[in-house]
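User: I would like a close look at a single part of this model, with its surroundings described carefully enough that I can follow along in the coordinates.

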Amino acid sequence: MKEFTYTITDPVGIHARPAGQLVKVAKGFESAATMIAGEKSADMKKPIGLMGLGVKLDDTVTIQVEGPDEDAACAALEEFMKANF
């Protein structure tokens, strides 16, 4: 399993349009990806779950990736987070 943490810098937090794009990135890999925010977690391949986390500016999230292509998936997700959130 691979994981990284990221602190949200987008003033709006994780909202609909970029959450949908993030889901597309996660779905591009076979590995399972989970976002953890505080006590809550969500499957990164489900946009409603991501929105339900209520992640806002300055919140720190942990992304966990597990599966056969976890290295590539983790790198792609981290790159997307840095570019969009």
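Is Ser31 buried or exposed, and what is its relative accessible area? Please also describe what surrounds Ser31, and then go on to the packing of helix 1 with helix 3.

Analyst: The model is a predicted one, and what follows should be read with that in mind. Ser31 sits in the loop that runs between helix 1, residues 16-27, and strand 2, residues 32-37. Ser31 has a relative accessible area of 1%, and because buried means under 20%, Ser31 counts as buried. Setting aside residues up to four places away in sequence, Ser31 touches Lys45, Val65, Glu66, Gly67, Pro68, Asp69, Glu70 and Ala73. One of these, Asp69, also takes part in a polar contact, in which its side chain and the side chain of Ser31 come to 2.4 Å.

Helix 1, which comes before the loop of Ser31, packs with helix 3, residues 70-84, at an angle of about 165 degrees, and the two axes are 10 Å apart. Angles over 145 degrees count as roughly antiparallel, so helix 1 is roughly antiparallel to helix 3. The crossing in which helix 1 passes helix 3 is right-handed. On the side of helix 1 the contact is made by Pro18, Gln21, Leu22, Val25 and Ala26, and on the side of helix 3 by Ala76, Leu77, Phe80, Met81 and Asn84. Sorted by type, the residues of this contact comprise eight nonpolar and two polar, with no charged residue among them.

Strand 4, residues 60-66, offers another buried position, Thr62. The relative accessible area of Thr62 is 18%, so Thr62 is classed as buried under the 20% cut-off. Apart from neighbours within four places in sequence, Thr62 is in contact with Glu3, Phe4, Thr5, Thr34, Met35 and Ile36.

The loop between helix 2, residues 47-52, and strand 4 contains Gly54, and Asp58 is found in that loop too. Gly54 is partly exposed, with a relative accessible area of 33%, and its C-alpha is 7.4 Å from that of Ile14, although the two residues are 40 apart in sequence. Asp58 has a relative accessibility of 57% and therefore counts as exposed. Most residues other than glycine have a negative phi, whereas Asp58 has a positive phi, near 75 degrees.

Notes: Residues numbered from 1 in each chain as written. Predicted model: local features only at pLDDT ≥ 70, side-chain atom pairs only at ≥ 80, totals over all residues. Heavy atoms only, no water. Helix = DSSP H or I, 4+ residues; strand = E, 2+ residues; numbered from the N terminus. Buried < 20%, exposed > 50% of the residue type's maximum accessible area, 1.4 Å probe, protein only. Polar contact = N/O pair within 3.5 Å; in protein donor to acceptor, adjacent residues only side chain to side chain. Contact = heavy atoms within 4.5 Å. Axes fitted to C-alpha atoms, helices over the stretch in contact; angles between N-to-C directions. Parallel < 35°, antiparallel > 145°, perpendicular 65-115°, else oblique. Left-handed = near helix turned anticlockwise from the far one by under 90°. Nonpolar A, V, L, I, M, F, W, Y, C, P; charged D, E, K, R; others polar.
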